[in-house]
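Q: Could you take a close look at one part of this structure, the helix packing, and set the side-chain contacts and surface features around the packing in context?

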Amino acid sequence: MNLTVEQIQNNWNEFIIYINTYISSPRKEKLLEFYNRYQDRLILMPAAHKKEYHNAFPGGYIEHVNRVMEASLKINQTWIDLGVEQNYTTEELIFSAMNHDL
């Protein structure tokens, strides 16, 4: 898969929106500081180093993390709809999904 420059930038913007939407202070500011400090590296980083693995292309890391966060929210909503008791917050869910490959 090849992402365009616009797709890579949109993925980064979406990633930052997840932080601003689901993470509360002071963790939000710390995450924004960290991710903005390394934006140049992260925005183009592949999710894997071998072409046979998932998202092993420029921009693949952020694209992958965004999909994991989106899937986590959808799966979580399914569990809620089925009456499963949550023992975590949505913030904890997103934080875990966001940083699962670091």
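A: What follows goes from the whole chain to the packed helices, and then to individual residues.

The model is a predicted one, and its chain contains five helices and zero strands, giving the pattern α-α-α-α-α when read along the sequence. Along the principal axes, the C-alpha trace spans about 40 × 30 × 20 Å, and of the 102 residues in the chain, 35% are buried.

Two helix pairs that involve H1 can be described in some detail. In general, a pair of packed helices is characterised by the angle between the two axes and by the distance between those axes. For H1 and H2, the packing angle is about 160 degrees and the axes lie 9 Å apart. Because an angle over 145 degrees counts as roughly antiparallel, H1 is roughly antiparallel to H2, and the crossing in which H1 passes H2 is right-handed. For H1 and H4, the packing angle is about 40 degrees, again with the axes 9 Å apart. Angles under 35 degrees would count as roughly parallel, and H1 and H4 are therefore classed as oblique to each other; their crossing is left-handed.

The connection between H1 and H2 deserves attention in its own right. Helix H1 covers residues 5-22 and helix H2 covers residues 27-37, with Pro-26 placed in the loop between them. The peptide bond that joins Ser-25 to Pro-26 is cis, with omega at about 0 degrees, and as a general background to that assignment, most peptide bonds are trans.

Two residues of H1 serve as reference points within the helix. Ile-16 lies in helix H1 and counts as buried because its relative accessibility is 15%, where the limit for a buried residue is under 20%. The C-alpha atom of Ile-16 is separated by 12 Å from that of Met-69, although the two residues are 53 apart along the chain. Asn-20, which is also placed in helix H1, is partly exposed, with a relative accessible area of 38%. Between the C-alpha atoms of Asn-20 and Gly-83, residues that are 63 apart along the chain, the separation is 28 Å.

Turning to charged side chains, the structure holds four salt bridges, including one in H2 and two in H4. In H2, the side chains of Glu-33 and Arg-37 meet in a salt bridge with an N to O distance of 3.1 Å. Since Glu-33 and Arg-37 are four residues apart in helix H2, about one helical turn separates them.

Helix H4, the oblique partner of H1, carries a salt bridge between Glu-63 and Arg-67, whose closest N and O atoms are 3.1 Å apart. Glu-63 and Arg-67 both belong to helix H4 and are spaced by four residues, about one turn of the helix. The two ends of this bridge fall into separate accessibility classes: Glu-63 is buried, with a relative accessible area of 14%, whereas Arg-67 counts as partly exposed at 41% relative accessibility.

Glu-70 and Lys-74 form another salt bridge, with the closest N and O atoms 3.1 Å apart, and this pair too lies in helix H4 with a spacing of four residues, about one turn of the helix. Here Glu-70 counts as partly exposed because its relative accessibility is 34%, while Lys-74, at 53% relative accessibility, counts as exposed, the limit for that class being over 50%.

A nonpolar surface feature completes the picture. Ile-75, Trp-79, Leu-82 and Val-84 form a nonpolar patch on the surface, and together these residues have about 410 Å² of accessible area. Helix H4 covers residues 60-81 and helix H5 covers residues 90-98, and Val-84 lies in the loop between them. Val-84 itself counts as partly exposed because its relative accessibility is 43%.

Taken together, H1 is the helix shared by the two packed pairs described here, roughly antiparallel to H2 and oblique to H4, with a right-handed crossing in the pair with H2 and a left-handed crossing in the pair with H4.

Technical notes: Residues numbered from 1 in each chain as written. Predicted model: local features only at pLDDT ≥ 70, side-chain atom pairs only at ≥ 80, totals over all residues. Heavy atoms only, no water. Patch = residues over 30% accessible without salt bridge, like charges linked within 9 Å, V, L, I, M, F, W, Y side chains within 5 Å. Areas by Shrake-Rupley, 256 points an atom, 1.4 Å probe, with all protein chains shown as cover. Buried < 20%, exposed > 50% of the residue type's maximum accessible area, 1.4 Å probe, protein only. Axes fitted to C-alpha atoms, helices over the stretch in contact; angles between N-to-C directions. Parallel < 35°, antiparallel > 145°, perpendicular 65-115°, else oblique. Left-handed = near helix turned anticlockwise from the far one by under 90°.
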